[in-house]
There are 2 protein chains.
Amino acid sequence: MSSKSSIPAPTVKRLSLYLRELEARFSEDGQTVSSQQLGRALGITDAQVRKDLAFVGQTGHPGIGYKANELAHGLRQILGTDRAWRVAVVGAGKLGRALMGYGRFGDKGFDVAAVFDADPKVVGTTVAGHRVRPLQDLESLVAERGIQVGIVATPADAAQQVTDRLVRSGVRGILNFAPIRLNADGCSIVDVDLTLSLEQLVCQVSLGLNRDSA
Amino acid sequence: MSSKSSIPAPTVKRLSLYLRELEARFSEDGQTVSSQQLGRALGITDAQVRKDLAFVGQTGHPGIGYKANELAHGLRQILGTDRAWRVAVVGAGKLGRALMGYGRFGDKGFDVAAVFDADPKVVGTTVAGHRVRPLQDLESLVAERGIQVGIVATPADAAQQVTDRLVRSGVRGILNFAPIRLNADGCSIVDVDLTLSLEQLVCQVSLGLNRDSA
DNA sequence: CGTTGTGAAATGATTCACAGCT
DNA sequence: AGCTGTGAATCATTTCACAACG
C-alpha cells in the first residue's frame, strides 16, 4: 500500500514515451541507452530524462547508461502495462467501433470484456468479435467480469449518466471521449477530446506556433 | 504580422473550454458571466480565468462580469474557429472513417475537403459522402482545394512519409493520430495518442490518483 | 573518457490579495 | 454590494552545472 508522493503529471506522460522508444529502438538483449539518446528522440533534455527516471526509482549506470530491457520492464510495472486490464466500451457508434477495431489495444494489455449500447437496433449485433449488450446489463456484467476500466464513447448528453453507473459498478478508471467534464468521484479520468485538439491546432496555426502534444 | 509573445499552452487549452461552456450555458442574448461562474464549471479558480482572458485581450466589466456573446465571439476569433478550415484526411481505415462520421467537426468550421488512402481496394469508394482518392493525388488536390490542415490517420510506419508530403504541399497544421513523433518543419502539430492516453489512465489507477486531462 | 544523480538556479504557471471600478 | 485587473507570493517544472562513478 505504499504510495509515492505522486508523480508529476508531465513526468507520467513522458514515461509512456520513453517506453515506446525503448520498445521501438532498444529492444535487443543487453542493449544500453543513455539519457541523451532518449532525450534526443523525444525532443527534451538529457537532464529531464534522468530526473524523470530517478523519480520513479529507475537507476542507470555511470559511464554506461541504462540497461534498456531492465528499464522497459520497470516502466511497464510503473505504468501498469505489465498487468492485463479488462475494459468495457460504452457506446458502439462510429467512435466505439473504431476504438475496438484499433488492434493496438490488445498489444498493450487491454482486453475488451464487454460492449454496451443504448440503441436497441445495435444491441445484439457483433462488433469486432464482441456481442453488443444492452445498457441495463452494465452493472451486472462489470461486476461479473471484473472490469476495471470504462471507455465512454457515447454522445455528450448520455456521458455523465453512463459514468455514474460505471463508477457505481466499481470501475476505477474512465477514458472519456465525450466533450464534457465528467464527475466521477474516486475514479481516475483521462479525457480525449477531438474537438478540443482541433481547436488547439488551428489556434496554433493562427498564431504561427509549432508543436504541442495533446 | 504582429504576433503576441505567444500564449501559454495551458491557457490555449482552457480557452477552448471557456468557449464550450459559453456556448452551452451562456448563449442567450445580453447574458453576462463572471469569472467565478466559468471557473466553477471547469474546476479552476476565478483568478485563473481572469488571467487567461486578460492574456488574450478579453476584458470584462467590474461589478458585472463578461458579456457572454462578446466573449464567445472574441474567443472564436483567437482560436480560429470563426474561419472555415479545409482539412484533408489521410487514411480511410477504421479511425479515418470514424473521424469523418463524427459530425461535430462540421459544426466547428472544419470541412473535409479530401480523403486519401494508399489501399487500392479502398480508393474510389465513398466514405461519409467523400470519394476516397489515391495517395498520389495528395499534392495536387491539397493545392487545388486550398487545404490548410491534414489529419494523419495512417499506420505508424506510413505517418512520417505522409507528413512530409502534406508539409511540402503547404499544409500548415497536422492532427496526428499515429503513435510516433512526427517531424514537420514550419507546421503546427497536435498529437492525439490513444495508447498514450490509456497508459496514463492505468498509471493513474495504479497510483490511485485522479483526474488529468489529455 | 562518457554518463549518472542531484543540488541550485531559472523559468513558468497558479493562486493570493486587494485596489479600483460600476 | 459584486466583480475585474494585476502585482506579489507561492508552487511546480525545467534547465544548469558539476561532483562522483565505472
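**Entry 1: helices H1 and H2 of chain A**

I began with the place where two helices of chain A touch, and I noted that A:Leu17, A:Tyr18, A:Glu21 and A:Leu22 of H1(A) meet A:Leu38, A:Ala41 and A:Leu42 of H2(A). Sorted by class, this contact of H1(A) with H2(A) holds 6 nonpolar residues, no polar ones and 1 charged residue. I should record early that the model is predicted, and I read every value below in that light.

I then looked up how the two helices lie, and found that the axes of H1(A) and H2(A), the latter covering residues 35-42, come within 10 Å and cross at roughly 105°. Because angles of 65 to 115 degrees count as roughly perpendicular, H1(A) is therefore roughly perpendicular to H2(A).

**Entry 2: helix H3 of chain B and its neighbours**

Turning to chain B, I looked up the packing of H2(B), residues 35-42, against H3(B), and I found an angle of about 110° with the axes 8 Å apart. H2(B) is thus roughly perpendicular to H3(B). From H2(B) the contact takes B:Ser35, B:Gln36, B:Leu38 and B:Gly39, while H3(B) brings B:Asp46, B:Val49 and B:Arg50. By class, I wrote down 2 nonpolar, 3 polar and 2 charged residues for this contact of H2(B) with H3(B).

I next took H1(B) with H3(B), which pack at an angle of about 100° with their axes 10 Å apart. This makes H1(B) roughly perpendicular to H3(B). On the side of H1(B) I listed B:Thr11, B:Arg14, B:Leu15 and B:Tyr18, and on the side of H3(B) I listed B:Gln48, B:Val49, B:Asp52 and B:Leu53. The class count for the contact of H1(B) with H3(B) is 4 nonpolar, 2 polar and 2 charged residues. I noticed that B:Val49 is listed in the contact with H2(B) and is listed again in the contact with H1(B).

**Entry 3: how the two chains are related**

I asked myself what turn and what shift lay chain A on chain B. Chain A can be laid on chain B by a turn of 180° and a shift of 0.0 Å along the axis, with an RMSD of 0.1 Å. The two copies are thus related as by a two-fold rotation axis. I also looked up the interface, where 99% of the interface residues of chain A are interface residues in chain B as well, so the copies meet through the same surface.

**Entry 4: DNA strand C**

I moved on to the DNA, and for strand C I counted 21 residues around it, of which A:Ser35, A:Arg50, A:Thr59, A:Gly60 and B:Lys51 come nearest. Among the atoms of DNA strand C within 4 Å of the protein, 58% belong to sugar or phosphate, and the rest belong to bases. The surface near DNA strand C has 7 nonpolar, 9 polar and 5 charged residues.

I wondered which helix gives the most to this surface near DNA strand C. H3(B) does, with 4 residues, and the helices that each supply at least two residues are H3 (46-55) of chain A together with H1 (9-25) and H3 (46-55) of chain B.

For individual contacts, I noted a polar side-chain atom of A:Lys51 that lies 3.2 Å from a base oxygen of DNA strand C. In the side chain of B:Thr45, an N or O atom is 3.2 Å from a phosphate oxygen of DNA strand C, and a backbone N or O atom of B:Pro62 lies 3.2 Å from a sugar or linking oxygen of DNA strand C.

**Entry 5: DNA strand D**

For DNA strand D I again found 21 surrounding residues, the closest being A:Lys51, B:Ser35, B:Arg50, B:Gly60 and B:Tyr66. Of the atoms of DNA strand D that come within 4 Å of the protein, sugar and phosphate account for 60%. Here too I recorded the classes, and the surface near DNA strand D has 7 nonpolar, 9 polar and 5 charged residues.

H3(A) gives the most to the surface near DNA strand D, with 4 residues, and H1 (9-25) and H3 of chain A, together with H3 of chain B, each supply at least two.

I closed with the contacts of chain B to this strand, starting from B:Thr59, which has a polar side-chain atom 2.9 Å from a phosphate oxygen of DNA strand D. A polar backbone atom of B:Gly60 is 2.8 Å from a phosphate oxygen of DNA strand D, whereas B:Gly63 places a backbone N or O atom 3.0 Å from a base nitrogen of DNA strand D.

How values were computed
Residues numbered from 1 in each chain as written. Chains lettered and ligands numbered in written order. Predicted model: local features only at pLDDT ≥ 70, side-chain atom pairs only at ≥ 80, totals over all residues. Heavy atoms only, no water. Near = heavy atom within 4 Å. Polar contact = N/O pair within 3.5 Å; in protein donor to acceptor, adjacent residues only side chain to side chain. Nonpolar A, V, L, I, M, F, W, Y, C, P; charged D, E, K, R; others polar. Axes fitted to C-alpha atoms, helices over the stretch in contact; angles between N-to-C directions. Parallel < 35°, antiparallel > 145°, perpendicular 65-115°, else oblique. Contact = heavy atoms within 4.5 Å. Least-squares fit on C-alpha atoms with pLDDT ≥ 70 in both.
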